[in-house]
Amino acid sequence: DLGRGLGPSARVPEKHCRLLLDQWTTHAEYFQIFWAVDSQSLVGGLSDAAIREVSSLWEGCLSILKGVLDRGVEEGEFAPCDTWEVAYIFWATSNALIQSDYSAPRKELRGRPLRAVFGNAIDLMLLGISRQDDGAF
């Protein structure tokens, strides 16, 4: 556990990312529309309404995580940062790791179970924005 020294409020973003992991691994079929949006050049265009709906879902997830990060900055748990950008980094990294579970070569390259690598990635990102005892990164 790379993030052993993190305070309890620093664990809230981790819970959000793990919820994404749990949803994806339990209900992979829910995420096929996300793949379709990302792969329009391969599968053809989707309706503007479908793209707006998916974009709205993505933005909603990021907004929730941004709010959690804003609170962590306000409480001094996290160093001042662009919380929208950090939320996006958490979200994009989480998605990339989850998607690696659906490609045999990428899964083999990963070399460890998804949950272990996912946990380490979240810990590394949390450590990157956490204040240390001296108040600096």
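Among contacts in the chain between residues at least 6 apart in sequence, what share joins residues at least 24 apart? Here are my notes, with that one answered early on.

1. **What we are looking at.** Please keep in mind that this is a predicted model. The chain holds seven helices and zero strands, so to speak an α-α-α-α-α-α-α pattern when read along the sequence. Of its 137 residues, 35% are buried.

2. **The opening question.** The share is 61%: that is the part of the contacts between residues at least 6 apart in sequence that joins residues at least 24 apart.

3. **How α4 meets α5.** Two packed helices are described by the angle between their axes and the distance between the axes. Helix α4 covers residues 48-74 and helix α5 covers residues 83-99; their axes come within 8 Å and cross at roughly 120°. That angle makes α4 oblique to α5. The crossing of this pair is right-handed.

4. **Who touches whom in that pair.** From α4, the residues taking part are Trp58, Glu59, Cys61, Leu62, Ser63, Leu65, Lys66, Leu69, Asp70 and Val73, and they meet Thr83, Trp84, Val86, Ala87, Tyr88, Phe90 and Trp91 of α5. Sorted by character, the residues of this contact are twelve nonpolar, two polar and three charged.

5. **A glycine in α4.** Gly67 is found in helix α4. Is Gly67 buried or partly exposed? Gly67 counts as partly exposed, because its relative accessibility is 26% and the buried class ends under 20%. In sequence, Gly67 and Ala87 are 20 residues apart, while their C-alpha atoms are 9.1 Å apart in space.

6. **How α5 meets α7.** Helix α7 runs over residues 114-129, and α5 packs with α7 at an angle of about 165°, the axes being 10 Å apart. This makes α5 roughly antiparallel to α7, since angles over 145 degrees fall in that class. Here too you can check the handedness on screen: α5 passes α7 in a right-handed crossing.

7. **The residues between α5 and α7.** On the α5 side you will find Val86, Ile89, Phe90, Thr93, Ser94, Leu97 and Ile98, which meet Leu114, Val117, Phe118, Ala121, Ile122, Met125, Leu126 and Ile129 on the α7 side. The residues of this contact divide into 13 nonpolar, two polar and no charged. Val86 and Phe90 of α5 are worth a look, as they are listed in the contact with α4 and also in the contact with α7.

8. **Ser100, in a loop.** Ser100 sits in the loop between α5 and α6, the latter being residues 104-110. Why does Ser100 count as buried? Because its relative accessible area is 6%, and the class takes in values under 20%. The side chains of Ser100 and Arg110 are joined by a polar contact of 2.8 Å. Leaving aside neighbours within four places in sequence, Ser100 is in contact with Arg106, Lys107, Arg110 and Leu114. Leu114 also appears among the α7 residues that meet α5.

9. **Ser130, after the last helix pair discussed.** Ser130 lies in the segment after α7. Its relative accessible area is 2%, so Ser130 is buried. Which backbone oxygen lies 2.6 Å from a polar atom of the Ser130 side chain? The oxygen belongs to Leu126, a residue that α7 also brings to its contact with α5. Ser130 and Gly76 are 54 residues apart along the chain, and 8.6 Å separates their C-alpha atoms.

Key. Residues numbered from 1 in each chain as written. Predicted model: local features only at pLDDT ≥ 70, side-chain atom pairs only at ≥ 80, totals over all residues. Heavy atoms only, no water. Axes fitted to C-alpha atoms, helices over the stretch in contact; angles between N-to-C directions. Helix = DSSP H or I, 4+ residues; strand = E, 2+ residues; numbered from the N terminus. Parallel < 35°, antiparallel > 145°, perpendicular 65-115°, else oblique. Left-handed = near helix turned anticlockwise from the far one by under 90°. Contact = heavy atoms within 4.5 Å. Nonpolar A, V, L, I, M, F, W, Y, C, P; charged D, E, K, R; others polar. Buried < 20%, exposed > 50% of the residue type's maximum accessible area, 1.4 Å probe, protein only. Polar contact = N/O pair within 3.5 Å; in protein donor to acceptor, adjacent residues only side chain to side chain.
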